[in-house]
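Some notes on how this chain is packed and divided follow. They are meant to be read with the coordinates open.

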Amino acid sequence: MPVETRWQRLVRSLLYGRGVDRSVKAKARLGLAILAFVGIYGVIALRLVVFAEQSEGHGARRSVSQDAVATARPDIVDRNGQILATDIKSPSLFAEPRKLIDPDEAEEKLTAVMPDLDTKELLSRLSSKRGFIWLKREITPKQEHEIHRLGIPGVGFLTENKRVYPNGPTVSQVIGLVNIDNQGIAGIEKWVDGQGLAALHMAGLATDRLQRPVQLSLDLRAQFALRDELVKAREKFKAKASAGLILNVNTGEVVALVSEPDYDPNNPREANDPTRINRMTTGVYEMGSTFKVLTVAMALDSGRATLRSTFDASHSLHYGRFTIHDYEPMHRALTVPEIFTYSSNIGAARMALAVGVQGHKAFLKKMGQLDRLRTELPESAEPLVPKHWGELNTVTIAFGHGLSVAPLQAAMATAATVNGGFLIPPTFLKRSEAEAKHLAKRVLKSHTSLDMRYLLRLNAEKGTGTFANVEGFYVGGKTGTAEKVINGRYAKHKLLTDFMAVLPADKPKYLVLIMLDEPQPVKGTHGFATAGWNAGPTAGKVIARVAPLLDLEPRFDLPKAAQLILARATESR
Amino acid sequence: MRLLNILVIAALILAASFVYKIKFDSTLQAERGAKLRGELRHERNAIARLRAEWAKLDAPARIEGLAQRHLALQPVKSVQFGTFDKLPPRPAPPADLVGAMLKGAAAETTGSVPTPRARR
């Protein structure tokens with residue numbers, strides 16, 4: 001032990017107290033220091049592990065922010081997976097003038113690659129003191145590559161999403177379109193936004209990796225064929241507009257829907273034209289004689305009439321100052337099939353009166369004709385229902401005047417009369433038969449539905465619907481011609497003609513509705529402009545083209561409607 | 001004691017160089033990852049563009065236009081569809097195959113004889 005001075009001893013005794021062994025103390029301190037260091041290094045190591053784990057997704061996050069510059073949308077495909085709408089990425093060129101070192105040089109280099117840029121304007125914009133300017137939206141990949149190689153500081157690219165509709169106007173009325181910010185403003189595109197995509201856009205999280213395609217019920221091939229025929233029909237009959245739809249009567253799926261004139265969604269300016277509305281859902285019309293399908297179904301279902309009942313149609317029907325005529329008066333009592341095939345207004349009116357005003361109203365309510373029909377499409381219209389529903393209203397509504405409904409709505413009710421009596425809300429999304437059964441509501445007895453199939457078939461064989469009868473597909477159908485109301489009066493020569501066809505009529509799968517707005521009598525129609533001469537033949541052409549596409553097999557061994565009903569009459573006995 | 005010190009220093013150098021290597025490798029991997037991600041994005045965008053182009057080329061309106069311009073085809077009529085069970089039964093093969101072949105060969109100086117490969 002070294003010699004301590006007295007002073008040192010004093011200090012030691014003051015600091016540590018007397019009789020304390022210094023070496024023990026030193027060991028303890030050393031231990032403490034080791035513990036502290038181990039602790040510190042342990043914390044550092046732990047932090048490193050945590051940091052490494054967190055930074056795993058770092059690169060991914062960066063790419064997300066790059067993707068989300070413009071909002072991505074899910075693809076829209078038809079029932080077979082054909083693309084109806086999709087996003088493509090295109091680079092856009094931007095500059096940050098504050099970061100530019102030499103605007104003149106940048107301007108020279110850029111115009112060398114893109115000669116279509118305006119030199120003076122470009123220079124003035126580059127010399128400005130703004131933080132961010134777009135130089136050109138949607139440049140080609142080749143241009144991007146070349147500009148990238150120029151290596152100008154302060155110039156960069158951002159990837160933007162651009163919506164493209166490869167089929168142009170063919171499906172425009174259903175899928176709608178988007179605005180410049182890729183937000184849906186009409187049709188299914190708007191519906192997609194309503195399903196939560198808009199919120200994703202707001203949060204800036206809508207990247208293409210999160211989104212499943214939206215599969216519609218439309219069949220692109222059938223849609224195109226329908227549109228093609230409707231365009232031809234509109235030209236041929238010089239009509240103001242033509243519209244049509246094909247509905248699967250067992251699932252409620254809309255397989256095709258066209259309202260022409262339509263617009264090209266790639267060119268949004270056309271879309272605002274009011275003549276290009278979707279007439280099948282947004283317009284309401286008096287459907288004319290096709291409404292007799294519902295009247296007859298009602299009378300048969302109520303038990304007030306059978307196929308053998310007769311109704312007096314020998315005289316015109318007088319109601320106050322109104323007189324109900326028949327288009328081709330028979331001047332005798334008619335059976336129910338005769339009323340249907342001759343399209344007798346008087347007969348239909350008497351059938352509705354047999355059920356009564358309240359019964360008629362309740363029936364149409366049940367069939368969904370008095371309430372607004374809502375589908376996925378945001379555009380819909382409220383039916384025009386008379387405020388005071390008296391006997392006269394029942395009389396006119398029985399043959400399709402005085403109640404305006406959306407054609408899709410009428411098609412839904414007509415489908416219910418032939419599919420076994422189930423009212424199925426129509427949809428534009430793919431739906432299975434099981435799902436449809438879940439949604440279906442029984443509105444008619446299945447027996448009534450069988451009678452209606454027979455009547456529709458009979459009408460296509462020898463009634464007003466003969467021009468729509470395509471050999472082999474066993475078409476059934478009903479014509480309808482309504483005079484349009486102009487300034488509160490029925491205009492004699494402004495007609496709205498429509499045709500409802502079901503096929504095959506013995507076990508219907510599809511309903512085809514064709515509607516022409518103000519068709520003119522043309523060569524070959526003998527001066528007529530009624531539905532049997534224009535909407536009917538158009539329906540026939542559509543069916544001939546579309547039925548094979550929809551997997552309907554032509555059959556030639558089917559009995560005539562008259563034999564069919566005879567067979568059923570003996571069966572039930 | 002000295003040996004221990006040397007050992008510790010050696011271990012330190014070893015550990016440091018090992019850490020450096022790991023760091024270097026991870027940087028390399030991260031760069032590769034970023035590059036692959038970029039390529040993936042690029043490819044995905046290219047696929048989207050090609051799909052859109054395919055859909056455009058495949059559009060029924062375009063196909064019909066082409067068909068009308070270049071083909072003499074007519075729309076199919078419903079009577080032109082048939083089923084397999086409506087086909088007439090397959091005709092029985094001729095009895096004397098070799099004789100028929102010889103006859104055919106004699107009548108025709110050129111051309112090939114179809115080989116009856118199905119039945120031997």
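1. In this predicted model, the largest nonpolar core has 131 residues. The residues with the most contacts inside this core are A501(A), L511(A) and I543(A). Helix α15 of chain A, residues 407–418, gives the most to the core, with eight residues.

2. Domain 1 and domain 2 of chain A both give residues to this core, so the core lies between them. In soluble globular proteins, nonpolar side chains tend to be buried together.

3. A501(A) is worth displaying with its neighbours. Leaving out residues up to four places away in sequence, A501(A) touches L511(A) and I543(A), and also A468(A), V475(A), G476(A), G477(A), V512(A) and A539(A).

4. Another core, of nine residues, lies apart from the largest one. Its members include A95(A), L110(A), L135(A) and V155(A).

5. On the division of the chain: domain 1 of chain A consists of residues 66–98 and 132–215, and domain 2 covers 221–572. Taken over C-alpha atoms, the centres of these two domains of chain A are 41 Å apart.

6. How many residues does each domain of chain A bring to the contact? Domain 1 of chain A supplies 18 residues and domain 2 of chain A supplies 20. On the domain 1 side of chain A, the elements that give two or more residues are α7 (172–175) and α8 (187–203).

7. By class, the side of domain 1 of chain A that touches domain 2 of chain A is made up of 10 nonpolar, six polar and two charged residues.

Notes. Residues numbered from 1 in each chain as written. Chains lettered and ligands numbered in written order. Predicted model: local features only at pLDDT ≥ 70, side-chain atom pairs only at ≥ 80, totals over all residues. Domains from an automatic or database assignment. Contact = placed C-beta atoms within 7 Å. Helix = DSSP H or I, 4+ residues; strand = E, 2+ residues; numbered from the N terminus. Nonpolar A, V, L, I, M, F, W, Y, C, P; charged D, E, K, R; others polar. Core = buried A, V, L, I, M, F, W, Y, C linked by C-beta atoms within 7 Å. Buried ≥ 20, exposed ≤ 12 C-beta atoms within 10 Å, placed from the backbone.
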